[in-house]
Amino acid sequence: MSASAVHSLWTTAATAAEPISKIDAPKIEYAQLSPTLIVIGAAVVGVLVEAFVPRKSRYYTQVFVAVVALAAAFSAVVALAASGYGTTKAHIAAMGAIAVDGPALFLQGTILLAGILGVFTFAERRLDPEAHGNRVDAFAAQASSVPGSDSEKAAVKAGFTTTEVFPLLLFAISGMLVFPSANDLLTLFVALEVFSLPLYLLCAVARRKRLMSQEAAVKYFLLGAFASAFTLFGIALLYGYAGSMSYATIAHVVDGTVTNVDPALAGTMGNDVLLLMGMALVVMGLLFKVGAVPFHMWTPDVYQGAPTPVTGFMAAATKVAAFGALLRLLYVVLPGMRWDWRPVMWAVAIVTMLGGAIVAITQTDIKRLLAYSSIAHAGFILAGVIATSPDGVSSVLFYLGAYSFVTIGAFAVVTLVRDAGGEATHLSKWAGLGRRSPLVAAVFAVFLLAFAGIPLTSGFAGKFAVFRAAAEGGAGALVVVGVISSAIAAFFYIRVIVLMFFSEPKPEGPTVAVPSPLTMTAIAAGVVVTLVLGVAPQYFLNLANQAGVFVR
Amino acid sequence: MENLIALLIAAPLLGAAVLLCGGRRLDAVGQWIGTVLAAASFVIAAVLFADMLGKSPEDRTFTQHLFSWIAVGDFRADVGFQLDQLSMTFVLLITGVGSLIHVYSIGYMEHDERRRRFFGYLNLFLAAMLLLVLADNYLLLYVGWEGVGLASYLLIGFWQHKPSAATAAKKAFLVNRVGDMGLSIAIMLMFTTFGTFAFGPLLGTEGHSGIAGDAGEGKLTAIALMLLLAACGKSAQVPLQSWLGDAMEGPTPVSALIHAATMVTAGVYLIVRSAAVFNAAPDAQLVVTVVGGVTLLFGAIVGCAKDDIKKALAGSTMSQIGYMVLAAGLGPIGYVFAIMHLVTHGFFKAGLFLGAGSVMHGMNDEVDMRKFGGLRKYMPVTFVTFGLGYLAIIGFPGLSGFFSKDKIIEAAFAKGGTEGWILGGVALLGAAITAYYMTRVMIMTFFGEKRWQPDAEGHEPHPHESPSSMTIPMIVLAFGSVFAGAFFSIGDRFVHWLEPVTGHSEGDSPVSALTVTAATMVLLVVGAGIAYLQYGRSSVPVTAPRGSLLTRAARRDLYQDDFNHVVLVRGGEHLTRSLVYVDHTLVDGVVNGTAASVGGLSGRLRKLQNGYARSYAVSMFGGAAILVAATLLMRAV
């Protein structure tokens with residue numbers, strides 16, 4: 001091997017130096033991205049805390065960091081919205097990667113609030129009995145130890161706790177913040193993975209029923225990876241179609257208003273088969289995340305297996321983020337294609353509403369029941385998405401906001417009802433709960449009524465908004481199916497209420513643990529938001545209305 | 001001046017609010033507050049009346065718009081008042097008779113502990129009744145309509161410790177609900193047909209006619225019949241008449257004011273006010289006359305058999321309102337006379353009831369006429385005023401009833417054709433029966449030997465004249481009974497007064513007025529004579545004889561309650577039972593069947609969820625394939 005060859009491989013020949021054209025530094029609007037940056041920063045700090053802070057004080061430090069970061073990020077969102085980034089100053093930031101507009105800010109705000117409540121439920125340490133004098137939370141003492149092994153026992157004895165869940169949560173939230181505001185397909189995909197991977201992990205670290213938890217995590221991971229692969233394939237096809245990852249450019253190509261064509265791509269560009277397949281596959285990836293039929297199969301297993309605080313957070317925030325991304329994709333990138341995607345989405349919405357509602361009827365586990373309920377709700381929200389009107393956007397935004405609080409609250413209540421084996425999630429154990437703990441049962445009844453969409457709860461206002469938008473958008477038949485599914489769904493919600501209030505309590509029934517103010521706050525916030533949005537929804541509907549315009 | 005209209009209602013409303021919310025500390029002065037405010041309302045009415053008289057007949061409609069009550073899209077309901085000659089007539093009657101009865105009640109209710117509440121209810125009634133006749137649209141009228149219903153309910157059941165009173169109040173309320181339903185349906189029909197229910201555009205104001213006549217006759221007939229149903233409920237016309245007799249459980253001033261002079265005539269007001277609708281619906285008008293004619297005889301026959309003085313008078317009220325409804329059904333030839341009879345009836349029937357109250361007051365609240373007798377010596381003032389009322393109601397020449405009832409009989413003949421003959425004949429027959437039952441009441445109460453006995457506790461009644469607070473109103477009303485008819489009729493004063501609002505046309509009677517008057521006189525003498533022979537010449541047994549079939553039927557109100565029980569109560573029970581059966585078998589069958597099949601489907605779908613990640617992945621793959629295929633297919637189609 002000659003010296004010159006080596007030279008040419010490893011160094012730049014001085015003579016061959018062409019003048020390197022100056023690379024422009026990307027222009028990043030840090031202030032406008034601050035919510036996401038704060039959360040990512042806090043997550044990194046959380047990792048450092050794990051490394052450097054003594055074990056005893058990690059829990060408090062982590063909770064503190066997480067809450068402060070989320071609150072700061074929320075204030076940043078509010079500040080951005082207040083200074084008009086949601087309406088008049090909405091624009092595309094970060095060299096076209098991130099949109100800062102009404103829907104993005106609204107959903108980010110919702111995710112951050114859900115995140116704060118999520119941290120509260122994660123941090124709850126009074127429900128499980130103390131292990132060797134240490135207060136413990138819902139997470140395994142040491143996630144890496146094999147369930148039932150000596151090392152696990154040692155970890156429990158030593159009072160270990162998995163405080164890593166807080167940075168993991170923050171990473172997930174940061175991905176979720178980017179997801180609905182992503183303005184090119186690559187950012188979308190990265191955000192998808194950033195929020196999915198921590199969630200896979202979080203599913204695996206339940207303190208009780210670890211095997212089930214791990215099984216759930218594996219399933220979630222496998223199926224999530226499978227879905228991601230489809231999404232990625234779709235992204236590739238769309239790139240092939242448009243020659244760009246950017247939403248705006250793709251939209252231009254779809255509309256036929258593109259100005260300059262890259263000659264290298266001229267062969268494939270504008271090929272509608274690529275567009276249609278790409279669209280279908282990317283949409284499929286998002287439908288997987290929202291849990292729409294037939295991509296919903298992971299939902300019940302994962303919801304049941306994951307630690308309940310994780311389930312609550314995941315059910316709320318993932319749905320918000322994924323629907324935000326779906327809305328942006330369909331409204332910004334593919335509005336010109338709506339005659340192609342609407343019929344397909346119609347079908348998906350119908351089978352999702354009916355499937356979720358029907359299968360929920362025969363569930364016997366409260367967490368699985370809520371999982372199927374979340375599938376049905378995904379169908380309802382899809383009905384609003386299909387409206388393809390400003391009303392459709394704002395109704396979906398409102399629904400997501402209302403739904404996330406109900407969901408977190410409901411799962412938080414589930415963590416309270418316990419027996420010797422941990423949470424008593426089998427429905428038969430909930431019989432007569434209303435006699436034993438009227439307050440908890442009443443609160444849960446409020447959440448169930450909200451799920452069922454009974455007037456004076458946020459569920460009614462939200463459902464009414466999406467169905468009205470769908471009906472005005474010409475999807476009357478969809479609304480009929482939606483109402484029928486709501487009727488079916490009402491059956492199993494009310495059945496739980498009847499079970500709680502009108503059945504005799506079992507002698508060996510579960511007890512209701514008294515939580516710390518953390519969980520209480522989460523539940524109270526859920527109740528308050530549910531009732532306020534139900535009784536006086538107009539202010540929030542207006543807010544969603546103002547926020548309902550995408551920047552392009 | 002027009003701003004005073006609201007004050008008319010505000011005064012008694014204030015009274016009701018103060019008295020009902022004021023608590024015990026007002027117990028001592030409650031009756032004075034109530035009476036003064038009622039009188040204040042009358043004074044305002046008089047001022048407005050004077051002002052109205054000063055204007056030419058064309059400008060006598062006063063309106064006052066207060067505020068927009070409900071405005072949703074095209075639907076608009078205002079709170080506004082319309083005071084024209086028709087409302088003015090009612091306002092004067094209501095506030096005038098109302099004030100007198102307030103005064104009377106001071107004496108009558110003197111020993112009642114809940115007197116303050118009683119006056120509060122009376123004031124509430126006045127306010128609601130004034131709202132009813134002053135409203136400038138049907139929706140607001142409906143508010144007043146329900147308001148008087150409420151006041152009536154509260155006052156019938158005022159002595160709620162008596163189960164019979166509580167039951168009677170409930171009965172009145174329920175029967176009235178049927179009529180109220182008619183009014184609400186009529187209002188809804190008007191709104192869907194015309195897009196409004198305001199009097200102005202609907203019924204027309206002076207100078208231009210309203211749009212009420214523009215709709216198809218079928219719709220107008222439906223509206224008119226619903227209005228008639230409402231009128232039947234409030235005015236105790238067949239078939240909704242059954243509550244009025246029981247309503248006599250209320251204190252007698254209430255019977256006089258609400259169940260004789262004012263509220264029960266609200267149905268007549270409604271029909272006359274809606275003249276534009278009825279004029280365009282001749283079929284409905286025919287039904288109105290039939291209802292009026294039937295009730296006229298019905299009430300009169302019931303009145304003949306009752307031994308309870310108030311119930312006899314209640315039958316009479318029903319019958320006299322039957323006259324008014326009959327006249328109102330005749331159209332423009334009858335409207336004015338319906339209202340005229342309404343006013344004169346307000347005087348003499350209120351007077352009669354107050355007289356009856358006075359008798360009861362002196363007789364330890366005894367109402368059975370068989371235990372009265374010979375009271376003229378003990379209660380001279382009552383006897384004279386009651387007697388004048390009696391002469392007025394039977395149509396003694398020169399007294400009020402003579403003028404007003406005669407006009408109705410003439411108008412009935414003037415309807416023309418066979419209908420005219422039948423209606424006229426019914427009205428004449430009614431006049432004869434009226435003379436009979438009123439003479440019977442008169443003789444049994446004031447003439448013959450005294451028949452009263454000690455009551456169960458051995459108290460011998462000591463009949464005595466009532467205090468002046470009670471007799472003065474009776475005297476004033478007696479004046480009205482005597483002179484009102486002549487005053488209205490001489491020179492056709494009343495016709496000219498009301499004509500701009502209701503319209504008036506002289507009918508073409510096949511029988512001359514003189515003939516009608518003569519026939520009436522003959523029948524009057526015959527009716528009164530039979531009564532005299534039965535009750536004046538021979539003694540009246542203290543316990544009622546068994547009586548003829550008709551008497552027994554009439555005592556039971558011609559089996560109206562039995563009819564209601566068999567047809568409505570039993571029928572309702574059967575209907576409910578069969579509906580429950582259908583619900584259990586058919587509806588529940590379908591529901592349970594659906595639920596079972598959904599449940600079955602759920603169970604089967606559930607099996608798809610088998611826990612294997614591989615089959616989930618297959619499902620996702622299949623889904624993705626279908627999604628892609630469907631998207632491509634959509635484009636291909």
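Here are some notes on a predicted model, taking chain B, its contact with chain A, and the nonpolar cores in turn.

1. Let's start with chain B by itself. Its 637 residues are 55% buried, and the chain holds 24 helices and four strands. Now look at how the chain touches itself: if you take contacts between residues at least 6 apart in sequence, 80% of them join residues at least 24 apart.

2. Next, where the chains meet. Chain A puts 38 residues into the contact and chain B puts in 25. People often give the size of an interface as the accessible area lost when the parts come together. Here the two chains bury about 2700 Å² between them, and carbon and sulfur atoms account for 75% of that. On the chain B side, the residues to find in your viewer are B:M620, B:L627 and B:R635, which lose the most area to chain A and together make up 25% of what that side buries.

3. What about charges and polar groups across the interface? Chain B and chain A share two salt bridges. One to zoom in on is between the side chains of B:R635 and A:D272, with N to O at 2.5 Å. Polar contacts across the interface come to 12 residue pairs, counting pairs with both residues at pLDDT 80 or more.

4. Which helices of chain B are involved? Both α23 (560–608) and α24 (613–636) supply at least two residues each to the side that touches chain A. Of the elements on that side, α24(B) gives the most, with 15 residues. Sorted by class, the chain B side has 15 nonpolar residues, eight polar ones and two charged ones.

5. Now for the inside of the protein. The largest nonpolar core contains 201 residues, and A:F179, A:L287 and A:F444 have the most contacts within it. Helix α12 of chain A, residues 308–333, is the top contributor to this core, with 18 residues.

6. A:F179 deserves a click of its own. Which residues does A:F179 contact once you leave aside its neighbours within four places in sequence? The partners are A:L188, A:A191, A:L192, A:F195, A:L286, A:A321, A:A322 and A:A325.

7. Finally, don't stop at that one core. Another core lies apart from it and has 192 residues, including B:A128, B:I443, B:W452 and B:M474. Try colouring both cores in your viewer, with A:F179 as a starting point in the largest one and B:W452 as a starting point in the other.

Methods
Residues numbered from 1 in each chain as written. Chains lettered and ligands numbered in written order. Predicted model: local features only at pLDDT ≥ 70, side-chain atom pairs only at ≥ 80, totals over all residues. Heavy atoms only, no water. Contact = heavy atoms within 4.5 Å. Buried area = accessible area lost by both parts, 1.4 Å probe. Salt bridge = Lys/Arg side-chain N within 4 Å of Asp/Glu carboxyl O. Polar contact = N/O pair within 3.5 Å; in protein donor to acceptor, adjacent residues only side chain to side chain. Nonpolar A, V, L, I, M, F, W, Y, C, P; charged D, E, K, R; others polar. Core = buried A, V, L, I, M, F, W, Y, C linked by side-chain atoms within 4.5 Å. Buried < 20%, exposed > 50% of the residue type's maximum accessible area, 1.4 Å probe, protein only.
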